[in-house]
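Work through these exercises with the model open. Each task is followed by a solution in steps.

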Amino acid sequence: MDDLIISGTLSGPCTVPLNQASAATFSNPLTNGATISWVNGASTSGSMVVIRPTSALVLDPSTSTSYTPNANYTTAGQIDVDNRVVYLGGGTTVNVTGLNPETQYTATVYSYNALDCYNTTAPVSVNFYTL
């Protein structure tokens with residue numbers, strides 16, 4: 001019998017952050033966008049900001065799924081057609097563009113840890129209107 005050697009790297013289970021982001025606000029509403037700000041949760045890798053028309057159903061991000069953020073809503077990574085990832089990182093503000101005028105949107109901020117582990121329990125949200 002031949003020797004069999006298997007090698008690789010094992011990843012541990014997803015460790016969802018305990019602390020959510022807080023204090024989500026909006027400012028500088030425009031006809032096609034607005035600025036969203038928040039405070040990152042303690043002991044997290046950062047925050048993910050998802051924007052959707054307020055009339056659309058909420059769809060939370062899926063753990064172990066990578067999303068490609070883009071501040072332009074029309075080309076942002078999609079959780080679904082309405083829920084789009086406009087920011088993913090350690091910062092605390094994003095200037096969103098690509099929105100429709102005179103429309104109400106909801107920005108939801110999720111804390112995450114490495115390995116695409118998102119805390120979807122009671123994330124902070126803020127509603128705003130474009131001009």
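A strand here is a DSSP run of E with at least two residues, and strands are numbered from the N terminus. With that numbering, β3 covers 46-53 and β7 covers 104-113, and each supplies at least two residues to the lining of the largest cavity. The model is predicted.

**Exercise 1. State the secondary structure and the overall dimensions of the protein chain.**

Step 1. Count the elements. The protein chain has zero helices and nine strands.

Step 2. Write the order along the sequence. The pattern reads β-β-β-β-β-β-β-β-β.

Step 3. Take the extents. The C-alpha trace spans about 75 × 30 × 25 Å along its principal axes.

Step 4. Add the surface. The accessible surface comes to about 7,200 Å², and carbon and sulfur atoms hold 54% of that.

Step 5. Add burial and contact range. Of the 131 residues, 38% are buried. Among contacts with a separation of 6 or more, 67% join residues 24 or more positions apart.

**Exercise 2. Describe the largest cavity: its volume, its lining and the classes of the lining residues.**

Step 1. Recall the probe test. Rolling a probe the size of a water molecule over the atoms shows where empty space is left.

Step 2. Count and size. The structure holds one cavity of 30 Å³ or more. The space in the largest cavity is about 30 Å³.

Step 3. List the lining. V50, I51, R52, V58, L59, N83, T106, T108 and Y110 line the largest cavity.

Step 4. Map the lining to strands. β3 and β7 each give at least two of these residues.

Step 5. Sort by class. The lining has five nonpolar, three polar and one charged residues.

**Exercise 3. Identify the residues at the centre of the contact network in the largest nonpolar core, and name the strands that build this core.**

Step 1. Find the hubs. The largest nonpolar core has 20 residues, and I36, W38, V49, I51, V86 and F128 touch the most other members.

Step 2. Assign the elements. Two or more residues of this core come from each of β2 (34-39), β3, β5 (84-89), β6 (93-96), β7 and β9 (124-129).

Step 3. Look for a second core. Another core, of eight residues, lies apart from the largest one; M48, V50, Y67 and I79 are among its members.

Step 4. Follow one hub. Beyond four places in sequence, W38 contacts A21, S22, A23, A24, S47, V49, Y87, G91, T92, T93, V94 and V109.

**Exercise 4. Classify T97, A76 and S64 as buried, partly exposed or exposed, and list their contacts beyond four places in sequence.**

Step 1. Set the cut-offs. Buried means under 20% relative accessible area, exposed means over 50%, and partly exposed lies in between.

Step 2. Take T97. T97 sits in the loop between β6 and β7. Its relative accessible area is 32%, so T97 is partly exposed. T97 touches N32, G33, A71, N72 and Y73. The C-alpha atoms of T97 and V86 lie 9.2 Å apart, with their positions eleven residues apart in sequence numbering.

Step 3. Take A76. A76 lies in the loop between β3 and β4 (77-78). Its relative accessibility is 5%, so A76 counts as buried. A76 contacts T68, N70, R84, V85 and V86. A76 and F128 are 52 residues apart along the chain, and 19 Å separates their C-alpha atoms.

Step 4. Take S64. S64 is also placed in the loop between β3 and β4. Its relative accessibility is 57%, so S64 counts as exposed. S64 touches L115 and D116. S64 and W38 are 26 residues apart along the chain, with 24 Å between their C-alpha atoms.

**Exercise 5. Check the backbone of S43 and S64: what is the sign of phi, and where does each residue lie?**

Step 1. Read S43. Its phi is positive, about 60°, although S43 is not a glycine.

Step 2. Place S43. S43 is in the loop between β2 and β3. The relative accessible area of S43 is 71%, so S43 is exposed.

Step 3. Read S64. Phi of S64 is near 70°, a positive value in a residue other than glycine.

Step 4. Place S64. The loop between β3 and β4 holds S64.

Methods. Residues are numbered from 1 along each chain as its sequence is written. This is a predicted model: local features need pLDDT of at least 70, side-chain atom pairs count only at pLDDT 80 or more; totals for chains, interfaces and linings use all residues. Side-chain values use heavy atoms; hydrogens and water are left out. Helices (H or I, at least four residues) and strands (E, at least two) are DSSP runs, numbered from the N terminus. Buried means under 20% relative accessible area, exposed over 50%, partly exposed in between (1.4 Å probe, protein chains only). Contact means heavy atoms within 4.5 Å. Accessible areas come from the Shrake-Rupley method with a 1.4 Å probe; for residues, only the protein chains shown count as cover. On a 1 Å grid over the protein atoms alone, a cavity is a set of points where a 1.4 Å probe fits but cannot get out, and a pocket is an open set with protein on both sides within 12 Å along at least five of seven lines; lining residues have an atom within 4 Å of a point. Grid points are joined across faces, edges and corners, and a volume is the space filled by probe spheres set on the points. Ala, Val, Leu, Ile, Met, Phe, Trp, Tyr, Cys and Pro count as nonpolar, Asp, Glu, Lys and Arg as charged, and the others, Gly among them, as polar. A nonpolar core is a set of buried Ala, Val, Leu, Ile, Met, Phe, Trp, Tyr and Cys residues joined through side-chain atoms within 4.5 Å.
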